[in-house]
Amino acid sequence: MRTVLKWVWDSIDIIMAVILVAMLVLVFTNVVLRYGFSSGLRASVELSRLGLVWVVMLGAVVVLKRDEHLAVKEFTEKLMPRWVPFLRRLCWLIILISVGMLFHGAFGQMMDNWQDISPLTGLPSALFYLAGSISGALMAIVAAGRIFFPHWLSEEQPSEKNTSSESTPEEKK
């Protein structure tokens with residue numbers, strides 16, 4: 001199971017890198033064609049925008065999984081250390097509700113826009129909302145898992161130190 005999850009998260013990182021490279025090539029080619037040859041790739045702007053949406057939404061999932069979002073932990077950890085586990089679970093519950101709303105709204109927009117085809121690229125505009133649906137679902141999975149298992153999917157697993165007052169003979173040396 002762990003290898004499957006690692007493969008999924010590594011795949012998301014690779015997908016984001018591929019999208020970034022494609023965006024770089026599209027924009028650079030469009031700039032060179034526009035300023036050097038007075039022409040350009042008409043679909044370049046829309047494809048770059050679509051790529052940016054996907055990178056941002058997948059990046060939000062990866063950052064949430066790694067627990068690297070902005071957070072101010074000093075207040076709770078210094079003033080209320082006993083409340084920290086409860087407050088963290090409360091935060092994950094709030095995140096779960098928020099990404100649930102993201103998923104619900106993006107999924108509804110995605111389903112409504114499959115027939116709306118872009119004249120430049122020929123792609124449905126629902127692809128923008130598909131990014132929100134997928135990222136909302138993945139973030140909901142991470143948040144739900146972290147409510148019940150706080151270190152689930154985290155890069156750092158909690159250390160298993162002996163917390164009892166008795167120490168083993170190896171620790172006494």
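1. Let's start with Ser38, which is exposed, with a relative accessible area of 71%. Ser38 sits in the loop between α1 (2–37) and α2. What catches the eye is the backbone: Ser38 is not a glycine, yet its phi is positive, at about 55°. Keep in mind throughout that this is a predicted model, so that angle is a feature of the prediction.

2. Now the overall layout. The protein chain has six helices and zero strands, which gives the pattern α-α-α-α-α-α when read along the sequence. Of its 173 residues, 28% are buried. If you take the contacts between residues at least 6 apart in sequence, 63% of them join residues at least 24 apart.

3. On the annotation side, the unreviewed UniProt entry places "transmembrane region" features at residues 12–35, 47–65, 86–107 and 127–149. How does the model treat residues 12–35, and what is the helix content there? That span is 100% helix and 0% strand, and its end C-alpha atoms lie 35 Å apart. Residues 47–65 also come out as 100% helix and 0% strand, with 27 Å between the end C-alpha atoms.

4. Back near the start of the chain, Asn30 is worth a look. This asparagine belongs to helix α1. Is Asn30 buried or exposed? Asn30 counts as buried because its relative accessible area is 7%, and the cut-off for buried is under 20%. Setting aside neighbours within four places in sequence, Asn30 is in contact with Gly40, Leu41, Ser44 and Val45.

5. The other asparagine I'd flag is Asn113, in the loop between α4 (84–112) and α5. At 14% relative accessibility, Asn113 is buried too. What does its side chain have for a polar partner? A polar atom of the Asn113 side chain lies 2.8 Å from the backbone oxygen of Gln109. Beyond four places in sequence, the contacts of Asn113 are Pro124, Ser125, Ala126 and Tyr129.

6. Next, cavities. How many of 30 Å³ or more does the structure hold? There is one, and the largest cavity has about 40 Å³ of space. Its lining is made up of Glu46, Leu47, Leu50, Thr121, Leu123, Pro124, Leu127 and Phe128. The elements that supply two or more of those residues are α2 (44–66) and α5 (126–148), and α2 has the largest share, with three residues. By class, six lining residues are nonpolar, one is polar and one is charged. Pro124 turns up twice in this note: Pro124 lines the cavity, and Pro124 is also in contact with Asn113.

7. For helix-to-helix contacts, try Met57 in helix α2. Met57 is buried, at 19% relative accessibility; the threshold is under 20%, so the label rests on that cut-off. Leaving out residues up to four places away in sequence, Met57 touches Leu102, Ala131, Gly132 and Ser135. How far is Met57 from Gly136 in space? The two are 8.4 Å apart, C-alpha to C-alpha, with their positions 79 residues apart in sequence.

8. Leu102 gives the view from helix α4. Leu102 is partly exposed, with a relative accessible area of 28%. Not counting neighbours within four places in sequence, Leu102 is in contact with Met57, Gly132, Ser135, Gly136 and Met139. Gly132 and Ser135 also appear among the residues touched by Met57. For a C-alpha distance to go with this, Leu102 and Tyr129 are 10.0 Å apart in space and 27 residues apart in sequence.

9. Last, Pro85, which is also in helix α4. Is Pro85 buried, partly exposed or exposed? With 43% relative accessibility, Pro85 counts as partly exposed. Pro85 and Pro150 are 65 residues apart along the chain, and their C-alpha atoms are separated by 8.4 Å.

Methods: Residues are numbered from 1 along each chain as its sequence is written. This is a predicted model: local features need pLDDT of at least 70, side-chain atom pairs count only at pLDDT 80 or more; totals for chains, interfaces and linings use all residues. Side-chain values use heavy atoms; hydrogens and water are left out. UniProt positions are given in the numbering used here, feature names are shortened, and annotations may be inferred rather than shown by experiment. Helices (H or I, at least four residues) and strands (E, at least two) are DSSP runs, numbered from the N terminus. On a 1 Å grid over the protein atoms alone, a cavity is a set of points where a 1.4 Å probe fits but cannot get out, and a pocket is an open set with protein on both sides within 12 Å along at least five of seven lines; lining residues have an atom within 4 Å of a point. Grid points are joined across faces, edges and corners, and a volume is the space filled by probe spheres set on the points. Ala, Val, Leu, Ile, Met, Phe, Trp, Tyr, Cys and Pro count as nonpolar, Asp, Glu, Lys and Arg as charged, and the others, Gly among them, as polar. Buried means under 20% relative accessible area, exposed over 50%, partly exposed in between (1.4 Å probe, protein chains only). A polar contact is a pair of N or O atoms within 3.5 Å; within protein, one must be able to donate a hydrogen and the other to accept it, and residues adjacent in sequence count only if both atoms are side-chain atoms. Contact means heavy atoms within 4.5 Å.
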